Amino acid sequence: MSKNDLVKKEHESDGIDRRGFLKCMQWAGTGIIWSVSGGVPVSQLLAADGKKMRAEDFAFVQISDSHIGFNKAANPDVVGTLQAAVAKINALERAPDFLIHTGDLTHLAKANEFDDLSEVLKTSRQQQVFYVPGEHDVTGDDGKRYLDRFGKGTSGKGWHSFNHKGVHFVGLNNVVQLEGLGKIGQEQLDWLRKDLGPVSASTPIVVFAHIPLWSVYPEWGWGTADSEQALALLKRFGSVTVLNGHIHQVMQKVEGNVTFHTAMSTAFPQPAPGSAPAAGPMKVPAERLREVLGVCDVNFAAGRHGLAVVDEPLAAAGGKGNG
Ligand SMILES: [Zn+2]
Ligand SMILES: [Zn+2]
């Protein structure tokens with residue numbers, strides 16, 4: 001059975017939202033491809049709309065919320081699941097050019113937790129990793145330890161940008177001035193305005209930050225108080241992709257030129273917005289845990305609008321490994 005058949009079969013057999021899947025196929029026509037269930041090799045998806053990957057195309061992988069140091073029932077082995085995530089990345093058909101970690105590297109920002117994270121990521125075939133902090137990484141010391149280790153070459157409290165094969169990447173820190181919701185702050189917004197100034201409107205933009213830059217569920221702090229000001233600076237660009245973590249589940253939204261996507265955690269899932277009394281680690285049956293943890297494989301095809309974003313769970317639904 002081919003991987004495509006397997007995926008089709010999974011869609012038929014385990015009740016994954018059919019409308020969601022159809023929507024994802026529809027978006028394929030405009031170049032934005034979501035895989036709701038994950039595990040679909042991207043090369044096949046791109047072939048599905050008649051385009052082949054070219055030399056200037058590239059992929060990168062988003063890791064999020066590894067929470068090294070967490071040891072409660074929702075996942076007593078967060079190092080093990082991060083190792084599984086790296087194994088997943090190392091097994092991807094198309095090697096990513098680099099990795100992005102969208103925060104909550106650690107659970108309590110302790111030195112040994114940062115050490116353990118670095119040790120695991122050293123086993124990745126791709127050594128270049130770009131980081132932004134989560135609120136768990138700046139707890140206790142205002143982010144000093146995080147910045148010492150992962151803030152080299154960044155501005156302010158760890159914000160930074162870089163260009164890669166025609167795409168402009170911006171990493172934001174929206175966890176330092178936490179007030180229930182995330183906050184970017186005026187200093188960083190001023191920096192962002194300057195940073196984007198010389199970038200042409202046709203340049204694809206990827207923004208990554210820990211807390212969602214859209215209002216997912218403000219009641220649980222799942223949003224960023226001043227995200228509108230950042231999004232206003234991004235309005236003139238034809239293609240903007242915003243990648244976030246923090247909520248430990250996949251959510252997506254398209255608003256005008258901006259595509260928002262949140263990634264799975266590699267450590268533990270959280271409840272769907274409003275489906276539990278509060279946010280927090282959610283215990284699922286042990287055999288299901290790796291179906292709700294994973295990474296996000298992001299693919300860029302030059303000359304096309306948008307990026308192909310494929311969520312890759314550590315294990316396929318129904319207990320079958322998917323590579
Ligand atoms: Zn987290
Ligand atoms: Zn967080």
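## A tour of the two zinc sites and one hairpin

In sequence, the residues that donate to the zinc ion (ligand 2) follow the spacing D-x30-E-x74-H-x35-H. The model is predicted, and the tour begins at this ion.

**Stop 1: the zinc ion (ligand 2).** Select Asp-104, Glu-135, His-210 and His-246. The protein donors here are Asp-104 (OD), Glu-135 (OE), Glu-135 (OE), His-210 (NE2) and His-246 (ND1), at 2.1 to 2.6 Å from the metal. Glu-135 thus appears twice in the list of donors, each time as OE. Next, display Asp-104 and Glu-135 with the backbone around them. Asp-104 sits in the loop between β3 and α5, whereas Glu-135 sits in the loop between β4 (129-131) and α6 (144-150), so the pair ties together parts of the chain 31 residues apart in sequence. Both of these residues are buried.

**Stop 2: the bridge.** Keep Asp-104 selected and add the zinc ion (ligand 1). The two zinc ions lie 3.5 Å apart, with Asp-104 coordinating both. How accessible is the bridging residue Asp-104? Its relative accessible area is 1%, so Asp-104 counts as buried.

**Stop 3: the zinc ion (ligand 1).** Now select Asp-65, His-67 and His-248 together with Asp-104. The donor atoms are Asp-65 (OD), His-67 (NE2), Asp-104 (OD) and His-248 (NE2), and they lie 2.0 to 2.3 Å from the ion. Along the chain, the spacing of these donors reads D-x1-H-x36-D-x143-H. Angles among the four donor atoms run from 87 to 176 degrees, and the site is irregular. Asp-104 and His-248 link distant parts of the chain: Asp-104 belongs to the loop between β3 (98-101) and α5 (111-121), and His-248 to the loop between β8 (240-244) and β9 (251-255), 144 residues apart. His-248 is also buried, with a relative accessibility of 2%.

**Stop 4: the β5 and β6 hairpin.** Leave the metals and select residues 160-171. Strand β5 covers residues 160-164, and its side chains alternate along the strand. His-160, Phe-162 and His-164 point to one face and are buried, while Ser-161 and Asn-163 point to the other face and are not buried. Strand β6 (residues 167-171) pairs with β5 in the antiparallel sense, over five bridges. Which residue of β6 is the bridge partner of His-164? The partner is Val-167. Finish at the turn: two residues separate the strands of this hairpin, and Lys-165 in the turn has a positive phi of about 45 degrees.

Notes: Residues numbered from 1 in each chain as written. Chains lettered and ligands numbered in written order. Predicted model: local features only at pLDDT ≥ 70, side-chain atom pairs only at ≥ 80, totals over all residues. Heavy atoms only, no water. Donors = N, O, S within 2.8 Å, 3.2 Å for Na, K, Ca; no water. Tetrahedral: all angles 85-135°; square planar, octahedral: opposite > 155°, others 65-115°. Helix = DSSP H or I, 4+ residues; strand = E, 2+ residues; numbered from the N terminus. Buried < 20%, exposed > 50% of the residue type's maximum accessible area, 1.4 Å probe, protein only. Pairing = 2+ DSSP bridges.
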